[in-house]
Amino acid sequence: MFNLIDKLTGWMDKMAEGSARRMALSTGRRSFLARTGAVIVGGALLPVLPFDRTFGVLPANAAESDEFSCEYWRYCALDGNLCNSCGGTLTQCPPGSEASKVSWVGTCKNPVDGKDYLVSYNDCCGRSECDNAPFCNTNQGERPGYRMGLHNDINWCMANASVGYHCTVAVLVGLAE
Amino acid sequence: MLKLTHVAFGAFLVAAPAALAEDAFTPEQVSVKEAIDPGPNVFVYQEEWKGAGSIAVFAQDSLKLKGLMSTGAMGQMLVAPDGKTAWAQSSFLKRIVYGPNEQVLQTFDIDKLTVKGEAILPPKAAMALGYSALLRLSTDGKLIFVQNATPASSVTVADAATGATLQEVPTPGCWGIYPLPGKSGFATICGDGTFSTVTVSADGKTASAEASAPIFDPDADPIFIEDESYDGALYFVSYKGVLYKLDPSGKTVAKLETTELTAGVEGGWAPGGYQLMSIAPKAGVLFIQMHPDAKDGSHKFVAKEIWAYDLKAKKVLSRSKVEDVASLVASKSDTPLVFGSTEVGKLFRFETDPAAGYALKSAGETALTGFPLTLDLVE
């Protein structure tokens, strides 16, 4: 797990800005698609969920399964306003905003399957801060800027053309090993 | 509104009895106060992420607001040691939250609360929460260091007098700026647990870097980027409450000593917050924000207590309960004042009692706005 994160942070610091943007794209949503599977239908991306993986097991804490609560398990290192309460979804920026080209990564345990997932916290950009939505500040595994890929006290819209911070999504990009 | 006022005023003159019109009445004239009231100040950077932030200037004794110096968004504040000049690095987006971003280093005249200089920075300055280590003045006062993130890390070196950019120093994998004593340059914390000592030439235009031996373990117990200087040493604290005493004066940063702040204390206490500690040098006391039941992810928890720690005797002198302090700063006097800000817009003033282990006593409160996480003061 830490090897992967070290790689992510190491790459970020060593690369020029342009390549940093490319890296974030390739380790972000594309990895998510590669690992979970997806189909493209009429230009729309639809995640494939062939069966219910919960096996009827519910997390001990109901809030951990409520994606509109700051206690939702994916938000273990999220510092920002929830996009799913501001016109977007868990993994989609609100209409009209832009997804950040770079992001920070958290490692969160899914209470249903007990596995640790790498979560990419992309900021959504180019709109005013969505204070209508819950503001969450959870910091499991968060590190200061000397581990930039694990740092959340900074505007991750920094590599976008429009850097106004709007809100944050939580995208599963891999399983922690 | 102005026209209506004039009409009404004219009608009043016509209709007023002669006796009333003869009464002496001197209309007031609007003007601008020339300067802030004298006396020591405490400065709070009221950061905003969707518009203008500001440096708020308060009287240390009364917490009376003396005025604001306006900045752009997502910025950092820096106050000169003489309390006469302040700087801010911040972002000015063409359409406030979108469009081209111009990052500006502003220079302020604190007495007049005016902007006396502006310089355009390379468009890389970190848009981060307020941390004093992200905008710094060199020890000789001649250079300003600006932390950049693209997210690749670098530091812009600027002329403190003019704001002109002199160079950009790459600092890959490192973060925070800690001016070197006695020479031009800075140390910075690196993600592998070392520090890098960056020596900058006298003209500010070239630099060289040297890595230290490992100082801390960034995986097991990372250090906060908040620093304090005291008696020639540089202090940091870790997530778990280990105080690091470092020597920044050599070719590389050297570890002098570590002590555990919470040794022998029950309750799972740990440091937390943002500008989470400050040293009162005459007292030799470190004031530090602490929270109980610490766990992975609690390192930004606001303080439930502020501990006063004797740096020479290496013991906790007092523990004072406080209301959710997120950042603090202590004054340098024999009986230090402590000012603390909260995430929900309060500025607290505390007096301390040396006879009671520098325990804090509440002595004032006022309102703040924005994200008020950076504080400074000059006596």
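Start in this predicted model by selecting strand 13 and strand 14 of chain B, which form a hairpin with four residues between them. Within that turn, click on B:Gly193, whose phi is positive, at about 90°. Now show the backbone of the two strands, and you will see that strand 13 of chain B and strand 14 (residues 195–200) of chain B run antiparallel and are paired over five bridges. To see one of these links, select B:Ile189 together with B:Phe195, its bridge partner in strand 14 of chain B.

Next, move to the other hairpin of strand 13, which strand 12 of chain B makes with strand 13 of chain B, leaving five residues between the two. The turn here holds B:Gly182, which has a positive phi of about 80°. Strand 12 (residues 174–179) of chain B also pairs with strand 13 in the antiparallel sense, in this case over four bridges, and B:Pro179 has B:Phe186 as its bridge partner in strand 13 of chain B.

Now select strand 13 (residues 185–190) of chain B alone and display its side chains. Are its residues buried or exposed? Six of its six residues are buried, so the strand is mostly covered. In a regular strand, side chains alternate between the two faces of the sheet. Here B:Gly185, B:Ala187 and B:Ile189 point one way, while B:Phe186, B:Thr188 and B:Cys190 point the other way.

Finally, bring chain A into view, where 36 residues are in contact with 34 residues of chain B. On the side of chain B that touches chain A, strand 5 (85–93), strand 12 and strand 13 each supply at least two residues. The residues of that side comprise 21 nonpolar, nine polar and four charged ones.

Note on methods:
Residues are numbered from 1 along each chain as its sequence is written. Chains are lettered from A and ligands numbered from 1 in the order in which they are written. This is a predicted model: local features need pLDDT of at least 70, side-chain atom pairs count only at pLDDT 80 or more; totals for chains, interfaces and linings use all residues. A residue is buried if 20 or more other C-beta atoms lie within 10 Å of its own, exposed if 12 or fewer, and partly exposed in between; C-beta atoms are placed from the backbone. Two strands pair if DSSP finds at least two bridges between them. Two residues are in contact if their C-beta atoms, placed from the backbone, lie within 7 Å. Ala, Val, Leu, Ile, Met, Phe, Trp, Tyr, Cys and Pro count as nonpolar, Asp, Glu, Lys and Arg as charged, and the others, Gly among them, as polar.
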